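Work through these exercises with the model open beside you. Try each task before you read its solution.

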Amino acid sequence: MNRKEAREFAMQVVFHMEIHRDFSPEVLMKFPKYEEMANQKEYVKKLIDRLCENIEVINDTLNEHSKGWPVTRMPKTDLAIARLATCEIKYLEDIPKAVSINEAVELAKAYGTDSSAKFINAVLKNIE
């Protein structure tokens with residue numbers, strides 16, 4: 001599995017967390033695919049752990065930068081993608097911000113609406 005596929009998997013986990021309102025790292029264990037991740041398992045675990053530990057800060061950051069679209073109004077797919085990328089930007093220093101944004105935009109193109117990619121890009125570019 002490559003990093004792009006790992007991000008896609010992590011986005012699905014974050015989407016599941018939102019739907020079930022359960023932001024605990026144990027949710028990851030509900031996905032049998034996690035055990036098959038081999039070389040990306042550590043990345044996914046670290047990302048999900050950081051997201052769960054910092055969900056309130058991540059939500060506050062998104063609310064601050066989304067200009068009139070609080071997390072409560074965002075489409076769930078866009079929200080999962082934005083949370084994932086925000087977590088990478090803020091808490092995974094080894095991943096360049098531009099890579100996180102680009103990958104989030106690609107996920108938005110694949111899973112979101114016609115306007116999702118532009119929205120995700122606009123929100124993420126201002127996050128430090």
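**Exercise 1. Find where R21 sits, then examine its backbone and its exposure.**

Step 1. R21 lies in the loop between α1 and α2. Helices here are DSSP runs of H or I with at least four residues, numbered from the N terminus. This is a predicted model: local features need pLDDT of at least 70, side-chain atom pairs count only at pLDDT 80 or more, and totals for chains, interfaces and linings use all residues. Residues are numbered from 1 along each chain as its sequence is written, and side-chain values use heavy atoms, with hydrogens and water left out.

Step 2. Check phi. For R21 the angle is near 50°, a positive value in a residue other than glycine. Most residues other than glycine have a negative phi.

Step 3. Check exposure. R21 has a relative accessible area of 56%, so it is exposed. The cut-offs are under 20% for buried, over 50% for exposed, and partly exposed in between, with a 1.4 Å probe and protein chains only.

**Exercise 2. Repeat the analysis for K67.**

Step 1. K67 is in the loop between α3 and α4.

Step 2. Its phi is positive, about 45°, although K67 is not a glycine.

Step 3. K67 counts as exposed because its relative accessibility is 66%.

**Exercise 3. Which residues touch the most other members of the largest nonpolar core?**

Step 1. Apply the rule. A nonpolar core is a set of buried Ala, Val, Leu, Ile, Met, Phe, Trp, Tyr and Cys residues joined through side-chain atoms within 4.5 Å.

Step 2. The largest core has 46 residues, and V44, I48 and L62 touch the most other members.

Step 3. Assign the helices. α1 (3-20), α2 (41-53), α3 (55-65), α4 (76-91), α5 (97-111) and α6 each supply at least two residues of this core. α4 gives the most, with nine residues.

Step 4. Look around V44. It touches A6, F9, L28, Y34 and M37, not counting residues up to four places away in sequence. Contact means heavy atoms within 4.5 Å.

**Exercise 4. Why is there no bond between the sulfurs of C52 and C87?**

Step 1. A disulfide is a pair of cysteine sulfur atoms within 2.5 Å.

Step 2. The closest cysteine sulfur to that of C52 is in C87, 8.7 Å away, so the two are too far apart for a bond. By this rule the count is zero disulfides.

Step 3. Compare burial. C52 is buried at 11% relative accessibility, and C87 is buried at 0%.

**Exercise 5. What lines the largest cavity, and where is R7?**

Step 1. A cavity is a set of points, on a 1 Å grid over the protein atoms alone, where a 1.4 Å probe fits but cannot get out; lining residues have an atom within 4 Å of a point.

Step 2. The structure holds one cavity of 30 Å³ or more. The largest cavity has a volume of about 40 Å³, where volume is the space filled by probe spheres set on the points, joined across faces, edges and corners.

Step 3. The lining is R7, I81, L84, A85, E88, S100, E103, A104 and L107. α4 and α5 each supply at least two of the lining residues.

Step 4. Turn to R7. R7 is in helix α1 and is buried, with a relative accessible area of 5%. Its contacts include L84, E88, E103 and L107.

Terms used:
1 Å grid on protein atoms, 1.4 Å probe; cavity = no way out; pocket = protein on both sides within 12 Å on 5 of 7 lines; lining within 4 Å.
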